[in-house]
Amino acid sequence: MKTIRSSADLAINGAPPAFDEPLHVGRPNVGDRARFMELTDGILDRAWLTNDGPLVRELEAKIAVMHGMRHCVAMCNGTIALEIAIRALGMTGEVIVPSWTFVATAHALHWQAITPVFADIDPATHNLDPEAVRRMITPRTTGIIGVHLWGRPAPVDQLQAIADEHGLQLMFDAAHAFGCSHSGRKIGGFGRCEVLSFHATKVFNTFEGGAVLTDDDELAETMRLMRNFGFVGYDNVVHPGTNGKMPEINAAMGLVNLEALPTFIEVNRNGHAKYAKWLDGFEGASLLSYDTSSEPNYQYIVVELQPELEQKRDMIVQALHAENILARKYFWPGCHRMLPYRELNPHAGLLLRNTEQVARRVIVMPGGEWAIKSSSIVRDVMQCFCGGGDG
Ligand code: T4K
């Protein structure tokens, strides 16, 4: 293992990199390959590749049971799942969302001619601040989408109270929260429905994929129609719809990965613990930790620099990349500073002070086994930037 004692040892200054191969954020977790191949053979033998196949049904049933929910409606990806859920709930006009999220949360609204109205976050949790949500309500507001960012539970009770008070729909983007719990309750069961992402980079993946969880029979039925062009039977179209179906091969991957989920989470937990150890007492940065009341999946290693180091954040990221640690600035610069939103509302940032501050300070590190490998190097690289020099 490379030793970094001073900035002369940094790859960005010409020294050899710490790793020969790049360490990514979001390297896919893959379960039992042989079992996956077996399931794939079955798909080919049945010649039933998509359209509500048996593996999709099995996966839906298993995920519903795991969450204690009546319905899991599997989809081709999390973004389409968000779009379908938003439409099935009848959201229109304006919907309040955090800007501090992956842009898909906002795009799923804009794509349907709904205005995402960005509310600020609590800097301690990176999740929506309920008081900021209240401030953004107008006569055009029809709903709120909370995001369980990094798998940390959004303030579900407070958001539900606001939604009830103002007659708003409430749903959650739980793309990061598969396998997480809040106060003993699995995330997936809050609001009218919750949307999961099973993208390759998530703790649990189906290559691409997603799902909506709900206890509402009518809502689930509407979403099932919507994901299959509104078809009932062969020739009967009874609803507007799109193609949101999950193929069988994706469900095969899901079934295999579901078996391995406890192992994936255990590896993530160990990676997170390494970072917690290395950053304990470190003055320049801290690790975003989890509430004791929540059970996380530890998928994201989120490091936050102290204010005095924020000017050096981009340089630190460059230095890490030079070591082949491909850290990310997720979700900089915030959705409100991305197109089309920054043109639609150029002054949104005035009400998003915490979002802007957090966006300048965050670095997301490779997780899981890559976290275990890289945490000490990350600390040493950051140490080089803490002493007042420029690394
Ligand atoms: N809501 C939230 C809060 C979300 O975070 C997301 C997705 C969604 C909704 C939408 O769900 P989906 O429609 O995606 O199901 C990635 C993912 O594409 C995206 O799914 C994810 N959030 C987001 C946080 O991360 P990018 O643009 O950063 O992806 P990319 O291509 O840079 O890949 C990330 C890293 O993963 C790279 O360093 C390489 C590595 N990687 C990636 C893939 C695909 C691999 O090693 N192997 C792979 O197969 O968005």
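Select the ligand to begin: it sits in the largest pocket, where "sits" means that more than half of its atoms lie within 2 Å of the pocket's grid points. A pocket here is an open set of points on a 1 Å grid over the protein atoms alone, with protein on both sides within 12 Å along at least five of seven lines; a cavity is a set where a 1.4 Å probe fits but cannot get out, and lining residues have an atom within 4 Å of a point.

Bear in mind that this is a predicted model, with local features needing pLDDT of at least 70, side-chain atom pairs counted only at pLDDT 80 or more, and totals for chains, interfaces and linings using all residues. Residues are numbered from 1 along each chain as its sequence is written, and side-chain values use heavy atoms, leaving out hydrogens and water.

Next, show the residues with a heavy atom within 4 Å of the ligand. There are 24 around it, and Arg27, Thr79, Asp173, Ser197 and Tyr330 come nearest. By class, this shell has 8 nonpolar, 12 polar and 4 charged residues; Ala, Val, Leu, Ile, Met, Phe, Trp, Tyr, Cys and Pro count as nonpolar, Asp, Glu, Lys and Arg as charged, and the others, Gly among them, as polar.

Now zoom in on the ligand's oxygen atoms. A polar side-chain atom of Arg27 lies 2.5 Å from one oxygen atom of the ligand, and for a polar side-chain atom of Thr79 the distance to a ligand oxygen is 2.6 Å. Click on Arg328 too: an N or O atom in its side chain is 2.9 Å from an oxygen atom of the ligand. The protein covers 76% of the 930 Å² of accessible area that the ligand has on its own, by the Shrake-Rupley method with a 1.4 Å probe.

Widen the view to the whole pocket, with a volume of about 700 Å³, taken as the space filled by probe spheres set on grid points joined across faces, edges and corners. Its lining has 40 residues, with Ser197, His199, Thr201, Lys202 and Tyr300 nearest the centre. Colour helix 8 (248-279), which gives the most to this lining, with 4 residues; helices are DSSP runs of H or I, at least four residues, numbered from the N terminus.

For a last stop, select Asn51, Asp52, Asn228, Phe231 and Gly233, which lie nearest the centre of the second largest pocket. About 350 Å³ of space lies there, and helix 7 supplies the largest share of the lining, 4 residues.

Methods
Polar contact = N/O pair within 3.5 Å; in protein donor to acceptor, adjacent residues only side chain to side chain. Helix = DSSP H or I, 4+ residues; strand = E, 2+ residues; numbered from the N terminus.
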